[in-house]
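Here's a quick briefing to read with the model open in your viewer. Pull it up and follow along by residue number.

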Amino acid sequence: MVENSNKETLDFLKKRKLNSREAALYLGISVITLRRKAGKGEIASYKDGRFHFEMSDLDEYLLSKRRSSVEQSREVAAMLNFKISKKWKI
């Protein structure tokens, strides 16, 4: 049973094109949220009756969210007159 699960995980990671359920699982969001973001153009997608997502596009989305999170933290810190220490690695 465990070997089968590991094989499924490896097969999943080798795929380049994911369906909505797989992409939502990869991003850690619900399928509804994923489709909403894809419809708004926040996440790149392909539609041929159903949404499909490239793994590289999902990675770009995750990286863009990480950057804006750090930028927002810096803005909040600046507003509160705190200096962000280099040892925090932010």
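Of the 90 residues in the protein, 21% are buried. Keep in mind that this is a predicted model. The protein exposes about 7500 Å², and carbon and sulfur atoms supply 54% of that area.

**Overall layout**

- You've got four helices and three strands to look at, and from the N terminus they come in the order α-β-α-α-β-β-α.
- Take the contacts with a separation of 6 or more: 40% of them are between residues 24 or more positions apart.

**The nonpolar core**

- The largest nonpolar core has 12 residues in all, and they are Leu18, Ala23, Ala24, Leu27, Leu34, Ala38, Ile43, Phe51, Phe53, Met55, Leu58 and Tyr61.
- Two or more of these residues come from each of α2, α3 (31–40), β3 (51–54) and α4 (55–79).
- As background, nonpolar side chains in soluble globular proteins tend to be buried together.

**Helix α2 and its ends**

- Helix α2 covers residues 20–27, and its buried residues are Ser20, Glu22, Ala23, Ala24 and Leu27.
- At the start of α2, Asn19 puts a side-chain oxygen within 3.1 Å of the backbone nitrogen of Arg21.
- Just after α2 comes Gly28, with a positive phi near 75°.
- Ser20 is part of helix α2, and its relative accessible area is 5%, so it counts as buried.
- Setting aside residues up to four places away in sequence, Ser20 touches Val31, Leu34, Arg35, Phe51 and Phe53.

**Aromatic rings and charges**

- How many aromatic pairs turn up in a search of the whole structure? There is one, and it is made by Phe51 and Phe53: the ring centres are 6.0 Å apart and the planes sit at 25°, so the pair is stacked.
- Both Phe51 and Phe53 are buried.
- Phe51 has plenty to look at: not counting residues up to four places away in sequence, it touches Leu18, Asn19, Ser20, Arg35, Ala38, Gly39, Ser45 and Tyr46.
- Lys47 lies over the face of Phe51, 4.8 Å from the ring centre.
- Tyr46 has a lysine over its ring too: the charged end of Lys17 sits there, 5.8 Å from the centre.

**Two core residues on α4**

- Leu58 is in helix α4, and its relative accessibility is 0%, so it counts as buried.
- Which residues does Leu58 contact, leaving aside neighbours within four places in sequence? They are Leu18, Ala23, Tyr26, Leu27, Ile43 and Phe53.
- Leu58 and Ala24 are 34 residues apart along the chain, with their C-alpha atoms separated by 9.6 Å.
- Tyr61 is also found in helix α4. Is Tyr61 buried or exposed? It's buried, because its relative accessible area is 11% and the cut-off for buried is under 20%.
- Again skipping residues up to four places away in sequence, Tyr61 touches Leu27, Lys37, Glu42 and Ile43.
- For Tyr61 and Ile43, the C-alpha separation is 6.3 Å, with their positions 18 residues apart along the chain counted as the distance apart.

Methods
Residues numbered from 1 in each chain as written. Predicted model: local features only at pLDDT ≥ 70, side-chain atom pairs only at ≥ 80, totals over all residues. Heavy atoms only, no water. Buried < 20%, exposed > 50% of the residue type's maximum accessible area, 1.4 Å probe, protein only. Contact = heavy atoms within 4.5 Å. Areas by Shrake-Rupley, 256 points an atom, 1.4 Å probe, with all protein chains shown as cover. Polar contact = N/O pair within 3.5 Å; in protein donor to acceptor, adjacent residues only side chain to side chain. Core = buried A, V, L, I, M, F, W, Y, C linked by side-chain atoms within 4.5 Å. Phe/Tyr/Trp six-rings, centres within 6.5 Å; stacked < 30°, edge-to-face > 60°. Lys NZ or Arg CZ within 6 Å of the ring centre and 35° of its normal.
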